Amino acid sequence: MEARAVLEASTPELCAEARRLRSSTRVTYSPKVFIPLTKLCRDVCHYCTFARPPRRGERAYMSEGEVLEVARAGAVAGCREALFTLGDKPELRYRAARDELAELGCETTVEYLARCARLVADETELLPHLNPGVLSRDDLLLLREASVSMGLMLETASNRLSERGGPHFGSPDKAPARRLETIELAGELRIPFTTGILIGIGETRLERVEALLAIAELADRHGHVQEVIVQNFRAKEDTRMAAHPEPSLDELLWTAAAARMLLPAGVHVQCPPNLSYDEFPRLLDAGIDDWGGISPVTVDHVNPEAPWPEIERLRAATEAAGLALVPRLAIYPEYVADLEQWADAAVRTQIVRGADAEGFARDDRWAAGMQTAVPFMPRDVLPLDTRDEIGEDEIVRLFSARGDEAQRVFAAADHLRREVCGDDVSYVVTRNVNYTNVCYFRCGFCAFSKGRLAANLRGKPYLVPNDEIVRRAREAWDRGAVEICLQGGIHPSFTGETYLDICRALKAELPDLHIHAFSALEVWQGAATLGLPLQTYLEALRDAGLASLPGTAAEILDDEVRRVICPDKVTTAQWLHVHDTAHRVGLRSTTTIMFGHVEGLRSWASHLIALRDQQRRSGGFTEFVPLPFVHMEAPIYLKGRARPGPTFRESLLMHAVARLALHPSITNIQASWVKLGVEGTQAVLRAGANDLGGTLMNESISRAAGADHGQEMPPEGMEAAIRAIGRRPRQRTTLYGDPPEERVRASFGAAPLSESVNPPASEAGLRPLVKLDRPGLTSPARA
């Protein structure tokens, strides 16, 4: 709609069109603390009670200790943003400001602001958003290093309001040209930016439209305007405009809707809810999609008479309008998706660690592998219709579910699980053997591997000899195991014979023990070192005793993501080719996804579809195992390049959406108790999962990454956890059959494990191969 049409439209007409244009069913808010670094200002806006002159005996600026105290209180309360608001260049007007800055070792307020913002970013989880007024290019460059976003209200594009008698008379920094120049410079410097207009201070509707069009032009040119605030004037006592009439709610709705009509589609529109008091829910009628910053800790220092609504009240109003309330960061998801362009290197790590898979604020403090209480349990709600196959766009939509919508996804998945699998929860008695932690591949998420190129060398490199592998297998058999699971690093001396020898040794000693071993990467590397086609090598492994393959090394079946997290590992096509070939020679295999690091919802969806399509071709997958990224010791996280794993909501959704999307091709959805813990596992069992995997006896990979959920969950623990949620435990074999009764009896009351022996890798005396195979870098498929 063009400007003339907007000016001629009524409020109901504009609001109806603005709601249609609102691009999402989400309305965001930023959990924040308000840090008023200084209330001194060289401007004298006639409606403002925030700015005031120096007072005898009072500091001109908050101290660094005071700033940190507020920030830390906000962090404890779950805030994600530190909003620094302050007067404009007070040192140009007040000697008190100049003197105090000198004591602080600074020449300007901007310099001190940068120091305090860095301090908050370094000492807390909060992300600084800065509102220091009109800025030069040098000022913006300095502050960009210490913040994730900045803001400056344009307020108006009308010079008339700066004339004598106007609200901005005597305020040189309120000149529209100066403010537009700052906004333009921010765009040139790729700074995510907030601006807005203030209505009801004497401007006309035409002048509001002119201001919005000026913002729209800059947003189109640079793409940096992440949100526009439409703020209504509130008269305050002890100001020159105390008797000035306030704009009506109708005027506010008209202007907010006009903003939605005139601004580019990617610019978010915000109205502060506290300035509309009890009528704030009606603001949603104008097509806004953001409530702005809401603080559980600090007041609105600019409008202290107007308290923020409580989050639950805000949520209730939002959901009553058929929308979902979602917490965000001070930098919007569109900019989180491209941090190389939109954030300084000094703050990227904090942004990544605070974001979820969509770039919103993480909605809980749960992390895979950590002993933390689960934030919620899925509840029974009306399930979704799951009769039709779900496509990629629909899968992405399900992964984005929040609030009651997420509960519907959980319920639908649990309903389908009950139809397909009943109320049995299966598990397998197995022993996990990680035979070496030496690996020449460079996976950024791996804290397990040790080698010359590994980023984390805290553990000692080891190599378990075959006789020790056999001893552990015998011990597991005596404790009721029906399976041994074998995986490890790719030692630079290993060849395909290494894996064949392991299988032969186990099969000779324990012919009835199921050997579940070797990821697609190990199989590919084994075949490459012997110069054999994949089918020939897999047949040799099968004949040596291999019975099935784990689905690890899949990580994310998206080569763009793989180039970041595991560039030299097997590609998506190669991983699928290994499993396709395995199925065709009679071997079954599992599937996995390792999620919550650098990927997004679209990658999750394409991963599930790749597995579903492969299952239709070859039919050999037994289960799907989501593996939440355990971040604590992972190199890619320690370097600040990955999120701290999925949120709890995302973890539940992965299991639930997989149940819906993979049906009926893959019917078993497994929960990893090592990653999720007992409580998390019980929650996942109520969101579509039906299997708890193995008892393990030993587990090294998750623990190396920082997980603290233990190395073994014996049958007694498995069954107690299952019965606690009203489900029936069932021991199974690797291929989901029933184990012999004598195996089940032997698994209960098993003797403690003897100490495992992990000899130093150097004692094996192995020499590296002359040429190391790196399939991800040389990617032709092996026949």
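These legends describe close-up views of a predicted model.

**View 1. The crossing of helix α14 and helix α24.** Helix α14 covers residues 392-399 and helix α24 covers residues 648-662. Their axes come within 9 Å and cross at roughly 150 degrees. Angles over 145 degrees count as roughly antiparallel, and α14 and α24 are therefore roughly antiparallel to each other. The crossing of α14 and α24 is right-handed.

**View 2. Residues in the contact of α14 with α24.** From α14, the contact is made by Ile-395, Leu-398 and Phe-399. From α24, it is made by Arg-649, Leu-653, Met-654, Val-657, Leu-660 and Ala-661. Sorted by class, this contact of α14 with α24 holds 8 nonpolar residues, no polar ones and 1 charged residue.

**View 3. The crossing of α24 and helix α25.** Helix α25 spans residues 673-685. The axes of α24 and α25 come within 10 Å and cross at roughly 50 degrees. An angle that is neither under 35 degrees, nor over 145, nor from 65 to 115 counts as oblique, and α24 and α25 are therefore oblique to each other. The crossing of α24 and α25 is right-handed.

**View 4. Residues in the contact of α24 with α25.** In α24, the residues are Phe-648, Ser-651, Leu-652 and His-655. They meet Leu-676, Gly-680, Ala-683 and Val-684 in α25. The contact of α24 with α25 divides into 5 nonpolar and 3 polar residues, with no charged residue.

**View 5. An open sheet of 6 strands.** The strand order is β11-β12-β13-β14-β15-β16, and the pairing is parallel. At the edges are β11 (430-434) and β16 (621-628), each of which pairs on one side only. On average, neighbouring strands of this sheet are turned by 25 degrees against each other, direction ignored.

**View 6. The pairing of strands β12 and β13 within the sheet.** Strand β12 is made of residues 483-487, and strand β13 of residues 514-517. The two strands run parallel and are joined by 4 bridges. One bridge pairs Glu-483 with His-514 in β13. In general, strands of a sheet pair through backbone hydrogen bonds, either parallel or antiparallel.

**View 7. Helix α16 on the strands β11 and β12.** Helix α16 consists of residues 466-478 and lies across β11 and β12. The helix runs at about 165 degrees to β11, which is an edge strand of the sheet.

How values were computed: Residues are numbered from 1 along each chain as its sequence is written. This is a predicted model: local features need pLDDT of at least 70, side-chain atom pairs count only at pLDDT 80 or more; totals for chains, interfaces and linings use all residues. Side-chain values use heavy atoms; hydrogens and water are left out. Axes are lines fitted to C-alpha atoms, for helices over the stretch in contact, and angles run from 0 to 180 degrees between N-to-C directions. A crossing is left-handed if the near helix is turned anticlockwise from the far one by less than a right angle, and right-handed if clockwise. Contact means heavy atoms within 4.5 Å. Ala, Val, Leu, Ile, Met, Phe, Trp, Tyr, Cys and Pro count as nonpolar, Asp, Glu, Lys and Arg as charged, and the others, Gly among them, as polar. Two strands pair if DSSP finds at least two bridges between them.
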